[in-house]
Amino acid sequence: MTPLNPVTLLALTKIGNQYLLFGGAGLICLLVFVTLILTPALSSHGRLWEKTAAGFLSLFVLAALIVVGVVIGLLIVLYYPEIDEFLGGS
């Protein structure tokens, strides 16, 4: 086993806190998806093809959740001045 390259270690130390927080939030969301959506969908069916179909359809649910989250985020960024003014910001 070779030791890590110093350049790689330097690159890892430059990761900002926000990236670590976003990565942690993404991991938590993925865990929640698996726990609340995928596991019940797979355990409610007996045959292999039913489990495969349920898993495939669960991926569509995951895609829909991601799309809705991105759209809401973009709307917040787009209308941030109006939202800030409505909430009594400076």
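Of the 90 residues in the chain, 7% are buried. The model described here is predicted. The surface exposed by the chain amounts to about 7800 Å², and carbon and sulfur atoms supply 77% of that area.

The fold is built from four helices and contains zero strands. Followed along the sequence, the pattern reads α-α-α-α.

Confidence in the prediction is described by pLDDT, whose mean over the chain is 87. A value of 70 or more is reached by 84% of the residues. Among the elements of the chain, two helices mark the ends of the range, as the table sets out.

| Element | Residues | Mean pLDDT |
|---|---|---|
| Helix 1 | residues 6–13 | 63 (lowest among the elements) |
| Helix 3 | residues 48–78 | 93 (highest among the elements) |

Where pLDDT is low, the predicted coordinates should not be read in detail.

One residue of helix 3, lysine 51, may be considered more closely. Lysine 51 counts as partly exposed because its relative accessibility is 30%, a value between the 20% limit for buried residues and the 50% limit for exposed ones.

The surroundings of lysine 51 include residues that precede helix 3 in the sequence. Leaving aside residues up to four places away in sequence, lysine 51 touches Leu42, His45 and Gly46. With leucine 42 there is a polar approach as well: the side chain of lysine 51 reaches the backbone oxygen of leucine 42 at 3.1 Å. Alanine 41 lies 10 residues from lysine 51 in sequence, and the C-alpha atoms of these two residues are 7.5 Å apart in space.

Conventions:
Residues are numbered from 1 along each chain as its sequence is written. This is a predicted model: local features need pLDDT of at least 70, side-chain atom pairs count only at pLDDT 80 or more; totals for chains, interfaces and linings use all residues. Side-chain values use heavy atoms; hydrogens and water are left out. pLDDT is the predictor's confidence in each residue, from 0 to 100. Buried means under 20% relative accessible area, exposed over 50%, partly exposed in between (1.4 Å probe, protein chains only). Contact means heavy atoms within 4.5 Å. A polar contact is a pair of N or O atoms within 3.5 Å; within protein, one must be able to donate a hydrogen and the other to accept it, and residues adjacent in sequence count only if both atoms are side-chain atoms. Accessible areas come from the Shrake-Rupley method with a 1.4 Å probe; for residues, only the protein chains shown count as cover.
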